[in-house]
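Morning, everyone. I'll take a few minutes on one model, starting with the whole chain and then going into its helix packing. Have a look at it first.

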Amino acid sequence: MLNGLWLSFFLVATVAGVVRWWGGEPEIWAAMVESLFAMAKLSVEIMLLLFGTLTLWLGFLKIAEQAGLVDTLARLLGPLFAKLMPEVPRGHPALGLITLNFAANGLGLDNAATPIGLKAMRSLQELNPSDSSASNAQILFLVLNASSLTLLPVSIFMYRAQQGAADPTLVFLPILLATSASSLVGLLTVAFMQRLRIWHPVVLAYLVPCALLLGLFMAFLATLSATALAGFSSLLGNLTLFGIIISFMLLGMVRKVAVYETFVEGAKEGFQVAKDLLPYLIAMLCAVGVLRASGALEFGLNGIRWLVEWLHWDTRFVDALPTALVKPFSGSAARAMLIETMQSQGVDSFAALVAATIQGSTETTFYVLAVYFGAVGIKRARHAVGCALLAELAGVLAAIAVCYWFFG
């Protein structure tokens, strides 16, 4: 799957480049070649950031492991994961790491979520009978990461505030609904492909209370003013992040763990993980860069606009689609598209509200794919890409529908 996908990026970019060349744009080939070097440079810059982040967080995670926190979480969630990931033994450390990763993602703690997720993926690889093909458990974990259930999209509030929005948190509930739809579709598609019994009473016993708590949390946040919500989001995120670190260290102290030596031991693992990632990251980001530079995404957007006009539908949402089209490939490009839409259309225009909701409700699928599978040397993704892209599509469609519902 990954071989064909990677090759298709270059082939589609070549076709788009030929079309633009014949259309009187000979500079297109220089732009495409330049994108290769630019994305190779970007890959190294990302790796430099990941070196520090992975080293820091895997050091703290090693303390949590030695203190028994990961094992405790694994035992608590053993019955649930026995149904969703039947090949993972009950009490396996991967289950606790997966739980920590989902919690960090939900609170928007990206700096913590990625290192924890990579540690979880490596732990799942220990159970994988294949060195190069993704296991069912790894696929479910990756798809749920790519669907990106986020409860507090603080970064989106920040972008809107920077562009002068009267109410930066106006898109909070639309994002929450759209990201919930994305995660639900991701879970259901993987369950269908792997024949998981998600309606089993044990699964429902875990998921239903979580859904009720999520609903209560949404209801509480909906009562806050814009200023209060922004302040609460920032405070909760930072307190949670620092609280996790202190909790790991205090628990380690209580369990008589040599916290400094254990941190250094885990940090060494982070350095090795980051080093192994670079070839996979360069391969995927360079392919994405060529695809973007070729104008293939712009051709796709023009085709969608023509189709919507031909069907006599409301075309206001089309101006938000550049964010949706590039989001699976590049988080930074999607961020740039979002800001450009805010500046050109107005920060509180319908298109800008849809783009902000899309940005907060989906993840950079191919980046996640390259990083998480690259960390363990997986080359055959099986149904992971299809399920992840379906979840992302669901998030985009839900974002558009919810914005029509909220903002007309």
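Start with burial. Of the 408 residues in the protein chain, 50% are buried. Keep in mind that this is a predicted model.

Now the fold as a whole. The protein chain has 18 helices and zero strands. Its radius of gyration is 21 Å, and the globule rule gives 22 Å for 408 residues, so the chain is as compact as a globular protein of that length. The C-alpha trace spans about 70 × 50 × 40 Å along its principal axes. What about contacts along the sequence? Take those with a separation of 6 or more: 79% of them join residues 24 or more positions apart.

Next, helix packing. I'll show two pairs, and helix 18 is in both.

First pair. Helix 9 covers residues 172-194, and helix 18 covers residues 384-407. Their axes come within 8 Å. How do they cross? At roughly 150 degrees. Angles over 145 count as roughly antiparallel, and helix 9 and helix 18 are therefore roughly antiparallel to each other. The crossing is right-handed.

Who makes that contact? On helix 9, the residues include Leu-173, Leu-177, Ala-181, Val-185, Thr-189 and Met-193. Gly-186 of helix 9 takes part too. On helix 18, they include Leu-390, Ala-391, Ala-394, Gly-395, Ala-398, Val-402 and Trp-405. Look at the spacing on your screens. An α-helix has 3.6 residues a turn, so residues three or four places apart point the same way. By class, the contact of helix 9 with helix 18 has 18 nonpolar, four polar and one charged residues.

Second pair. Helix 17, residues 365-374, packs on helix 18 at an angle of about 145 degrees. Here the axes are 10 Å apart. Helix 17 also passes helix 18 in a right-handed crossing. From helix 17 come Thr-365, Phe-366, Leu-369 and Phe-373. They meet Ala-384, Val-385, Ala-388, Leu-389 and Glu-392 of helix 18. That contact divides into seven nonpolar, one polar and one charged. Glu-392 is worth a second look: it appears in the contact with helix 9 and in the contact with helix 17.

Last point: is helix 17 enclosed or open? Nine of its 10 residues are buried, so helix 17 is largely enclosed by the rest of the structure. Among the buried residues are Val-368, Ala-370, Val-371, Tyr-372 and Gly-374. The helix 17 residues that meet helix 18, namely Thr-365, Phe-366, Leu-369 and Phe-373, are buried as well.

That's my tour. Over to you.

Notes:
Residues numbered from 1 in each chain as written. Predicted model: local features only at pLDDT ≥ 70, side-chain atom pairs only at ≥ 80, totals over all residues. Heavy atoms only, no water. Axes fitted to C-alpha atoms, helices over the stretch in contact; angles between N-to-C directions. Helix = DSSP H or I, 4+ residues; strand = E, 2+ residues; numbered from the N terminus. Parallel < 35°, antiparallel > 145°, perpendicular 65-115°, else oblique. Left-handed = near helix turned anticlockwise from the far one by under 90°. Contact = heavy atoms within 4.5 Å. Nonpolar A, V, L, I, M, F, W, Y, C, P; charged D, E, K, R; others polar. Rg over C-alpha atoms; globule rule 2.2 N^0.38 Å. Buried < 20%, exposed > 50% of the residue type's maximum accessible area, 1.4 Å probe, protein only.
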